[in-house]
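This report describes selected local features of one protein chain, from helix geometry to backbone exceptions and buried positions.

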Amino acid sequence: MKYGKGGLAVDLGPDLEIDVIRKKAMPVLADPERSVAAAWENPVGCRPLTEVARRCKSACILICDITRPVPNGIVLPGLVKELIAAGIAPGAITVLVATGLHRPNLGDELREVVGSDWVMETVSVVNHYARKDEDHRRLGDVSGIPVRIDRRFLDAGLRIAVGLVEPHFMAGYSGGRKLVAPGIAHEETIRMLHAAGILEDCRAANCILEGNPLHDAQMAILGMVGECFAVNCVIDEERRLSCVNFGAMEASHLDAVAFVRPYAEIPVKRKYLTVFASAAGYPLDKNYYQTVKGMVGAMDIVADGGTLIIASECSEGLGSAEYAAAQERLLGLGPERLLAELMGKRSAAVDEWQTEMQVRAMKKARVWLYTEGLSPDERRLTGVRIVSDVEAAVRESVAMHGERRVAVIPEGPYVIPVYQGP
């Protein structure tokens, strides 16, 4: 199972019927750096990068924070060199970490995210801070949501986002427009984008773009920002680069989604009373907040009243203080009353949307968690049962439900099983 940096070996024995749900074997780029360079010359929906960059005097490159395993070390050096060769001065290039409302990445962690000492030493690398009013400019409103975006991106002559395209439990697929909103949006914009009135729509879910109200709002915000480009990466189960493209943000993102869909969305012909999943390992399972994605990702094949066992290292604990407060409210109110409270609000409290997504899982199944990284109080705040032995937990669930067939999802939320039964 993907778990932390080292993985988790699990032996479920010969007497259970195990269905392992994982991606089909993906192609792997034999020469990733050459493939990245080729992407500049073969863009999706725009002119080659050199032609686009020649008319610009400055550039801002958005990258994901530490929670996404984007191969920035492969992409960024070639991208920055291409911009410099096109005439943009190194001092006029900014790499902006699209943190959303996550904590900043600093020091050695920032170097890990960027993946290149040369990039760190050549251009400006900074974090987005959603709560800094002065860093943002208001562009207008989208469906009543005030749109305020980091001015460093807005003011750049050339705007590029480097992202990872994989299933996302609210926005359908990550990458592309998601690096702009919520990635570099103001706190107020992020909180209203994540209100329950949007997220409780049945189409605000994994692998759905068409009719997804969150995706639609993000695209409307992108339209207000103006011309943006993207480098989209797709990785295989071993985090190797499988696909990379460059182009206009919407067109290139849809192209990458079309590539990854057959691998990430796995048709499954039955539901299971016992499902064992991971939270995708490092860096996604650094905290419990991100672990919720693994819960929601498996839900389509969990039978009503079944048991989902999820393994997540949670090496950094629960998550933010605001998330802990939302979890405390979950414990105090219970899932139904909490959801009713959220539905009455136009703007979500910071990070409570993850608690809302956990409710989505809890309403359908028992959730059990295996982890080595939470304090006693943090374990209480998960709101789920903690198990100390995953093999014993699987066997307990099998005995409880009287069903020996078990689904196992080693890569967690990067693989979405889709029920296609009778």
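The structure is a predicted model. The account begins with the backbone of a loop that holds a proline. P182 is found in the loop between β9 (172–173) and α7 (187–193). The peptide bond that leads from A181 into P182 is cis, with omega near 20°. A cis bond also joins Y282 to P283, here with omega near 5°. P283 has its place in the loop between β13 (272–278) and α11 (288–298).

Positive phi values form a second group of backbone features. C207, although not a glycine, has a positive phi of about 70°; its loop runs between α8 (196–199) and α9 (213–225). D351 is likewise a residue other than glycine with a positive phi, near 70°. The loop that holds D351 lies between α13 and α14 (352–362). In G87, which follows α3, phi is positive and near 110°. As background, most residues other than glycine have a negative phi, and most peptide bonds are trans.

How buried are the residues singled out in loops and in helix α7? The table lists the relative accessible area of four of them, including C207 at 9%.

| Residue | Place | Relative accessible area |
|---|---|---|
| C207 | loop between α8 and α9 | 9%, buried |
| D351 | loop between α13 and α14 | 4%, buried |
| E187 | helix α7 | 17%, buried |
| A98 | loop between β3 (93–97) and α4 (107–114) | 11%, buried |

Each of these entries rests on a cut-off: a residue counts as buried when its relative accessible area is under 20%. E187 is therefore classed as buried, because its value is 17%.

The surroundings of two of these residues can be given in detail. Leaving aside residues up to four places away in sequence, E187 touches L101, A130, R131 and V350. With the same exclusion, A98 touches I63, D65, L179, G183 and I184. A98 and V142, by comparison, are 44 residues apart in sequence, and their C-alpha atoms are 21 Å apart in space.

Among the helices, α3 covers residues 72–85 and has 14 residues. From its first C-alpha to its last, α3 reaches 19 Å, which is close to the 20 Å expected at 1.5 Å a residue. The buried residues of α3 are N72, V75, L76, P77, L79, V80, E82 and L83. An α-helix has 3.6 residues a turn, so residues three or four places apart point the same way.

The pairing of two further helices completes the picture. The axes of α12 (residues 321–333) and α13 (residues 335–343) come within 7 Å and cross at roughly 125°. Because of this angle, α12 is oblique to α13. The crossing of the two helices is right-handed. On the α12 side, the contact is made by R329, L330, G332 and L333. On the α13 side, P335, R337, L338, E341 and L342 take part. By class, this contact of α12 with α13 has five nonpolar, one polar and three charged residues.

Notes:
Residues numbered from 1 in each chain as written. Predicted model: local features only at pLDDT ≥ 70, side-chain atom pairs only at ≥ 80, totals over all residues. Heavy atoms only, no water. Expected span 1.5 Å × (residues − 1). Buried < 20%, exposed > 50% of the residue type's maximum accessible area, 1.4 Å probe, protein only. Axes fitted to C-alpha atoms, helices over the stretch in contact; angles between N-to-C directions. Parallel < 35°, antiparallel > 145°, perpendicular 65-115°, else oblique. Left-handed = near helix turned anticlockwise from the far one by under 90°. Contact = heavy atoms within 4.5 Å. Nonpolar A, V, L, I, M, F, W, Y, C, P; charged D, E, K, R; others polar.
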